[in-house]
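Colleague: I would like to learn how to read a model like this one. Where should I begin?

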Amino acid sequence: MNLFIIGNGFDRAHGLPTAYIDFRDYLEREDWSYLVKLEEPYGYVPESKRDLVEKYLWKEFENNLTDINESEIVDGAISIDMGLEGGDVGIEDTLNDYWEEQYGYVQRLNDYLKTWVEHIDIHVLKKTKKIKEFADDLFLSFNYTLLLEKIYKIDSYQVLHIHGCIDKSVGSPPVIGHGNKEKIKKSKEAAHKASENFWGKDSSIYSALANYYERTLKDVSLYIFFNSEFFKRLKSVKQIYVVGHSLGDVDLPYFKKVVESIQEDVMWNIYYYSNEEKTLFMEKIISVGVKVENIRMLPAAEFFDKA
């Protein structure tokens, strides 16, 4: 039995527009005002150059979700005059409502994610013969599309869409998010300290920041727990193929869980697109506990059929 760990590069190799910047383009078409609100806390305005926004925000969008201009937001919040008769006395409740209006939009991010994926046409040709129909292989997919099920005819029982997909009968709805729980913890601690000192404005804004970070969190430990039965099925895996995955830090706990769930002699076949990725992927996969002798680095072109 083989395990295929499939990332977004797999869908993109089939010509699907599934990059984060494609999601941004969708938001720009569907709800321009929402996109403006979404990018504003990161220091971008409608006049910002698209290539800069792509490079510094959307290229690694999940990892960058916690990189809002926190100090600027805090300083601006503290200087706000709400025009209350009692000055800042009792301002916290009023500010809490204000921040909900300002940043509550982020709750709709996953809804937009789902509608975007639903609009992606996956009617493409197969690009590899390494994925065989009717084999007993398992698939840990980080993608939201049903490319494996619809085009490669893989039974849904063999596929775990760890972050959801568009078919409710297959898995949960798609989610996008960061894995930085430390930011949430620090914001809550700052809010608690401010509250103890009766700094209503400070307490309110730090609570708002904690809410923002929580709403954009992808709780990896929770997804691992909910899908524990899938990881138990990995005991019989003999070979692992990692295809189109960037091995981003937010997803490394899943790889650690795979290492814990398999036999020690399992061979890892890691596919890369550039020499820079080759070096980085080797370091990342070693960091989760895979032995060097069990790693085989391969150019991505060897996984996909030649045109």
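**Reading the model**

Modeller: Begin with the largest pocket, whose volume is about 930 Å³. Keep in mind that this is a predicted model.

Colleague: Which residues lie nearest the centre of the largest pocket?

Modeller: Asn 8, Arg 12, Tyr 20, Lys 59 and Ser 246 lie nearest its centre, out of 37 residues that line it.

Colleague: Which helix gives the largest share of the lining?

Modeller: That is α1, with four residues. Several helices supply at least two lining residues each, among them α2 (20–30), α4 (50–58), α8 (109–118) and α15.

Colleague: How much of the chain can I trust?

Modeller: The general idea is that where pLDDT is low, the predicted coordinates should not be read in detail. Here the chain averages a pLDDT of 89, and 92% of the residues score at least 70. Over residues 84–89, pLDDT stays under 50. For that stretch the model has three contacts beyond four places in sequence.

Colleague: What is the overall make-up of the chain?

Modeller: The chain holds 15 helices and six strands. Its C-alpha trace spans about 70 × 40 × 40 Å along the principal axes. Of its 307 residues, 47% count as buried. Among contacts with a separation of 6 or more, 73% are between residues 24 or more positions apart.

Colleague: How do I check the length of a helix?

Modeller: Compare the span expected at 1.5 Å a residue with the distance between the end C-alpha atoms. Helix α15 (residues 275–287) has 13 residues and should span 18 Å; its end C-alpha atoms are 19 Å apart, which agrees. Helix α11 (residues 200–215) has 16 residues and reaches 22 Å from its first C-alpha to its last, close to the 22 Å expected.

Colleague: Which residues of α15 are buried?

Modeller: The general idea is that an α-helix has 3.6 residues a turn, so residues three or four places apart point the same way. In α15 the buried residues include Phe 281, Lys 284 and Ile 285. They cover an arc of only 90 degrees around the axis, which puts them on the same side of α15. On the other side of α15, Asn 275 and Glu 276 are exposed.

Colleague: What covers the buried residues of α15?

Modeller: The cover includes α14 (252–261), β5 (267–272) and β6 (295–299).

Colleague: Which residues of α11 are buried?

Modeller: The list includes Gly 200, Ile 205, Ala 208, Leu 209, Tyr 212 and Tyr 213. Before α11, in the loop from α10 (181–196), is Trp 199. At 44% relative accessibility, Trp 199 counts as partly exposed. Its C-alpha is 40 Å from that of Glu 30, and the two residues are 169 apart in sequence.

Colleague: How should I read a residue in a loop? Is Asn 294 buried or exposed?

Modeller: Take each residue by its own accessibility. Asn 294 is in the loop between α15 and β6. Its relative accessible area is 11%, and because the cut-off for buried is under 20%, Asn 294 is buried. Leaving aside neighbours within four places in sequence, Asn 294 is in contact with Glu 264, Asp 265, Val 266, Met 267 and Trp 268. Glu 293 lies in the loop between α15 and β6 as well, but at 57% relative accessibility Glu 293 counts as exposed. The C-alpha atoms of Glu 293 and Lys 49 are separated by 45 Å.

Colleague: Where is Val 266 found?

Modeller: Val 266 is in the loop between α14 and β5, and with a relative accessible area of 2% it is buried. Beyond four places in sequence, its contacts include Val 237, Ile 240 and Asn 294. Val 266 and Ile 295 are 29 residues apart in sequence and 9.1 Å apart in space, C-alpha to C-alpha.

Colleague: What does the sign of phi tell me?

Modeller: Most residues other than glycine have a negative phi. Gly 289, which follows α15, has a positive phi near 110 degrees. Phe 134 is not a glycine, yet has a positive phi of about 75 degrees. Phe 134 is in the loop between α8 and β2 (138–141), and its relative accessible area of 79% makes it exposed. Lys 153, also not a glycine, has a positive phi of about 60 degrees; its place is in the loop between α9 (147–150) and β3 (159–161).

Methods: Residues are numbered from 1 along each chain as its sequence is written. This is a predicted model: local features need pLDDT of at least 70, side-chain atom pairs count only at pLDDT 80 or more; totals for chains, interfaces and linings use all residues. Side-chain values use heavy atoms; hydrogens and water are left out. pLDDT is the predictor's confidence in each residue, from 0 to 100. Contact means heavy atoms within 4.5 Å. The expected span of a helix is 1.5 Å times one less than its number of residues. Buried means under 20% relative accessible area, exposed over 50%, partly exposed in between (1.4 Å probe, protein chains only). The arc is that of the directions from the helix axis to the C-beta atoms. On a 1 Å grid over the protein atoms alone, a cavity is a set of points where a 1.4 Å probe fits but cannot get out, and a pocket is an open set with protein on both sides within 12 Å along at least five of seven lines; lining residues have an atom within 4 Å of a point. Grid points are joined across faces, edges and corners, and a volume is the space filled by probe spheres set on the points.
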